[in-house]
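Visitor: I'm new to this one, so could you walk me through it slowly? Please put it up where we can both look.

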Amino acid sequence: MYWDQLTTKTFRDQVLGQVDTAILPIGSIEAHGQHCPLGTDNMTPWHFAQLLNARFSDRILVMPAIAYGHTWELANFAGTLSVSHETFRRYVAEVALSALNWGIRHLVLLNGHGGNIPALYAVMEDVAEHGGQAILVNWWQDYREEILTVVDSQGHAGEDETSVMLAIHEPLVRMADASYNPYRPKYRVEALGLHDKVLRHATTGDGRRATRAKGERIVEIVVERLVQLLEDVWTDQLFFRHDS
Ligand SMILES: [Zn+2]
């Protein structure tokens with residue numbers, strides 16, 4: 001079910017006491033190479049959430065997405081919109097805690113943007129402090145191993161993300177403008193003046209190698225893994241156990 005499509009009456013009748021799991025898609029508006037749309041990081045988690053809703057429409061609520069994220073590194077590229085880490089963290093946390101008031105116990109933060117991650121760790125602690133269970137999914141990191149069976153490399157507007165965009169919103173992708181960033185950081189480093197290497201043309205990796213077929217396969221992988229995640233949540237299988 002989509003949270004914002006219910007009436008308060010249907011919410012009372014069909015959700016309260018019956019649905020305890022919500023998906024909160026979270027993204028950003030930021031430059032994605034010269035070839036992918038500014039809303040790429042919103043479109044990918046939203047697409048995954050729609051596919052989960054199709055699968056589990058009576059068991060989950062898909063919340064309206066948090067569309068504005070924290071995007072310091074890309075702030076100087078035309079069209080990027082960014083809010084501070086602190087504002088973002090508080091806003092997401094308050095939305096999440098508000099959902100807990102209506103019986104949501106399991107909250108999946110389905111994130112599409114790397115710059116949001118530090119704040120989302122803090123949000124998870126806020127949710128936990130208030131009795132909920134927060135699960136953060138950064139799809140391109142969490143499912144990296146399987147994604148790399150489909151593409152040779154990953155990157156921001158790189159081969160994997162561009163492929164996914166070709167699969168879900170092909171008309172919005174301008175492959176003629178796709179580019180390659182030959183630089184890769186050796187260290188975790190931030191400084192003004194590094195952006196032409198860290199995110200040359202607002203890219204890491206090689207968006208030129210993307211194809212729609214690769215993207216369709218990655219979407220399948222991500223959704224299979226998210227389905228497994230929800231089933232593990234509902235059967236309390238959140239840990240591996242290794243006895244020595
Ligand atoms: Zn992205």
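Guide: Let us begin with a single residue in this predicted model: A202 counts as buried because it has 25 C-beta neighbours inside 10 Å, where 20 or more is the mark for a buried residue.

Visitor: Okay, and where does A202 sit along the chain?

Guide: A202 lies in the loop between α8 and β6, the latter covering residues 205–206. Its backbone deserves a look as well, since A202 has a positive phi of about 65° although it is not a glycine.

Visitor: What sign does phi have in most residues other than glycine?

Guide: For most of them phi is negative. D236 is another residue here with a positive value, near 55°, and it is not a glycine either.

Visitor: Is D236 buried or exposed?

Guide: D236 counts as exposed, because it has 7 C-beta neighbours inside 10 Å, and 12 or fewer is what that class requires. D236 is found in the segment after α9.

Visitor: Tell me about α9, then. How many residues does it have?

Guide: Helix α9 has 23 residues, and from its first C-alpha to its last it reaches 33 Å, close to the 33 Å expected at 1.5 Å a residue. The buried residues in α9 are K214, G215, I218, V222 and L226, and what covers them includes α2, β4, α5, α6 and α7.

Visitor: You mentioned α2. What about its length?

Guide: Helix α2 runs over residues 40–55, and its 16 residues should span 22 Å at 1.5 Å a residue; the end C-alpha atoms are 23 Å apart, which agrees. Among the buried residues of α2 are T40, W46, F48 and L52.

Visitor: And what do those buried residues pack against?

Guide: The buried residues of α2 pack against the strands β1, β2 and β3, and also against the helices α5, α7 and α9.

Visitor: Switching to strands: how enclosed is β1?

Guide: Six of the six residues of β1 are buried, so β1 is largely enclosed by the rest of the structure. Both of its faces are covered, with T21, I23 and P25 buried on one side and A22, L24 and I26 buried on the other.

Visitor: How many bridges join β1 to β2?

Guide: Three bridges join them, and the two strands run parallel; within this pairing, the bridge partner of A22 is L61 in β2. The chain gets from β1 to β2 through α2, and this β-α-β crossover is right-handed.

Visitor: Where does β3 come in?

Guide: Strand β3 is joined to β1 by six bridges, and these two also run parallel. I23 stands opposite V108 in β3, while L24 stands opposite L109. Five of the six residues of β3 are buried, so β3 too is largely enclosed by the rest of the structure.

Visitor: Which way do β3 and β4 pair?

Guide: β3 and β4, the latter made of residues 133–138, pair in the parallel sense over six bridges, and one of the matched pairs is H106 with its bridge partner Q133 in β4. The chain crosses from β3 to β4 through helix α4, residues 117–129, and this β-α-β crossover is right-handed.

Visitor: Which residues have the most contacts inside the largest nonpolar core?

Guide: That core has 55 residues, and those with the most contacts inside it are I23, L24, V92, L107, L109, L110 and V123. If we take L107 and leave aside its neighbours within four places in sequence, its contacts are A22, L24, A96, A99, V127, G132 and A134.

Visitor: Now the whole chain. What does it add up to?

Guide: The chain has nine helices and six strands, and buried residues make up 39% of its 244 residues. A compact globule with 244 residues would have a radius of gyration near 18 Å, and the chain has 18 Å, which agrees. Along its principal axes the C-alpha trace spans about 55 × 50 × 35 Å.

Visitor: One last spot: where is K186, and is it buried or exposed?

Guide: K186 is in the loop between β5 and α8, and with 6 C-beta neighbours inside 10 Å it counts as exposed. From K186 to S244 there are 58 residues in sequence and 36 Å in space, C-alpha to C-alpha.

Terms used: Residues numbered from 1 in each chain as written. Predicted model: local features only at pLDDT ≥ 70, side-chain atom pairs only at ≥ 80, totals over all residues. Helix = DSSP H or I, 4+ residues; strand = E, 2+ residues; numbered from the N terminus. Expected span 1.5 Å × (residues − 1). Contact = placed C-beta atoms within 7 Å. Rg over C-alpha atoms; globule rule 2.2 N^0.38 Å. Core = buried A, V, L, I, M, F, W, Y, C linked by C-beta atoms within 7 Å. Pairing = 2+ DSSP bridges. Right-handed = clockwise from strand over helix to strand, strands pointing away.
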